[in-house]
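Here are a few exercises to work through with the model open in your viewer. Try each task yourself before reading the solution.

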Amino acid sequence: MAGGPLVFQRGEGAYLIDVDGNRLIDYYCGMGAMVLGHTPRGVQQAVKDQVEKGILYAGQSEIEFEAARILCERIPSAQRIRFGSSGSEVAQAAFRLARAATGKRIILKFEGHYHGWFDNILWSTAPAENAAGPAEVPVRVPGSVGQDLIDAAGLDVIGWNDLAGLEARLAKGDIAGVIMEPAMCNQGAIPPAPGYLEGALAACREHGAILIFDEVITGFRLGRNSVQGRFGVTPDLSIFAKAIANGFPVAAIVGRADLLDLFVTGGVLHGGTFNAQPVTMAAMVATQNALTPQHYEQSSKRGIRLRDGIAGILNDAGIKAQVTGFELMFHVGFGLEAPAKNYRDLLKLDKMGYAKFAHALLKRGVRVLERGAWFVSSAHDDAVIDATLDAVKGAAGEIATT
Ligand SMILES: Cc1ncc(COP(=O)(O)O)c(C=O)c1O
């Protein structure tokens, strides 16, 4: 395979084909969005049909109603729903609602969690160890050059999966909203500690803060009812994007009726020319219709076989690594002695070692994210998993001997 950046020509099921004609098994899956793979016929057809009926109505449509109905049925926190176009944008809607509802200012986020690229929230998403400060009181570290640093005034950052720390911060009484990836998947693939989500909800209730789950990655990937269904904790608000419409730009903010109604009667603005654009709504309905219990059952079996197969191969090759996470999204963490519980644990990752492994896989026709995340789709059938495990064996052998 030639060096240099990859340029793709088309996608086909679990594969991406680049302009040089290489067929790569793809574990980026559109950064997690393509839960059905690259060319799900039902979604493609629904989109073509909707294009025939018109592209943008600037008004409500039956297909939007159907999309909302399905989501409200599947997502425990969804008493009401509004659509947007990206995860970054609906996160902003959630902050605005939390501030409007509580009359308080501060949004509390967690180190290593990502909620979009806007100035007011792009803090401490992947801070360097020498910039992050003490684990108990992390320094707020901006994520981009050019970011307006004044936005730090509306935000605080603490460590995740530490209930006592969260309770103590909430007790100061100034928090409008707490936003978290309820299973941390931007960095690592870390489940919440037993009781953490329940405790976070109780603490938010006690101190008058709004609990927001960011299910942009986990939504429809960690199960049909997402993390909140899987772990049985219903937040006040949640946001979704990515897998909701298998690669079409749909995002949603859902939650308590009294909160979402603030958009209608409470003077809280949420705008967007492309909100609930009918073509994307058609993609969403078709995606959700394909996300049957059988989809999860079958894909999950294969995802577990892949995840555990990788762990076994690395172990046999004498490569120190932790393979952690879920059926359709897991993380291969080189250099870790034990599964990470939070961002600080991930600072021990051997990133160089993993980058070499990712490159060795690419040479063998398997494309994985260099940060260690693997996204699996229903197009990754048993033959694809077998081919991937063969490539993993080859790549592990190569890096173990270099
Ligand atoms: C957990 C999480 N929240 C929010 C976002 C932002 O979503 P978008 O890229 O659609 O703006 C992302 C994107 O990767 C994400 O992973």
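**Exercise 1: a helix and its buried face**

Task: Check whether the length of helix H13 (residues 382-400) agrees with 1.5 Å a residue, then work out where its buried residues lie.

Solution. Keep in mind that this is a predicted model.

Step 1. H13 has 19 residues, and the expected span is 1.5 Å times one less than that number, so the helix should span 27 Å. The C-alpha atoms at its two ends are 26 Å apart, which agrees.

Step 2. Now list the buried residues of H13: Val384, Thr388, Val392, Ala395, Ala396 and Ile399.

Step 3. Look down the helix axis: these buried residues fall within an arc of 105 degrees, so they line one face of H13. Asp382 and Ala383, on the other side, are exposed.

Step 4. Finally, find the cover. The elements over the buried residues of H13 include S3, S13, helix H10 (293-316) and helix H12 (351-363).

**Exercise 2: assembling a sheet**

Task: In what order do the four strands of the open sheet lie, and which are the edge strands?

Solution.

Step 1. Begin with strand S1 (residues 8-12) and strand S2 (residues 15-18), which run antiparallel and are joined by four bridges. Phenylalanine 8 stands opposite aspartate 18 in S2. Two residues separate the strands in this hairpin, where glycine 13 has a positive phi near 60 degrees.

Step 2. Move on to strand S3 (residues 23-26), antiparallel to S2 and joined to it by three bridges. Here leucine 16 faces leucine 24 in S3. This hairpin has four residues between its strands, and glycine 21 takes a positive phi near 90 degrees.

Step 3. Add the remaining pair: S3 and S13 are parallel, over two bridges. Aspartate 26 has arginine 367 in S13 as its bridge partner.

Step 4. Put the pairs together: the order is S1-S2-S3-S13, with mixed pairing. The edge strands are S1 and S13 (366-367), each of which pairs on one side only.

**Exercise 3: around the ligand**

Task: Which residues come nearest to the ligand, and how is the shell around the ligand made up by class?

Solution.

Step 1. There are 14 residues around the ligand, and the nearest are Ser86, Gly87, Ser88, Gly116 and Val216.

Step 2. Ask which element gives the largest share of this shell: helix H3 (residues 87-102) does, with three residues.

Step 3. Sort the shell by class: six residues are nonpolar, six are polar and two are charged.

Notes. Residues numbered from 1 in each chain as written. Predicted model: local features only at pLDDT ≥ 70, side-chain atom pairs only at ≥ 80, totals over all residues. Pairing = 2+ DSSP bridges. Near = placed C-beta within 6 Å. Nonpolar A, V, L, I, M, F, W, Y, C, P; charged D, E, K, R; others polar. Buried ≥ 20, exposed ≤ 12 C-beta atoms within 10 Å, placed from the backbone. Arc of directions from axis to C-beta. Contact = placed C-beta atoms within 7 Å.
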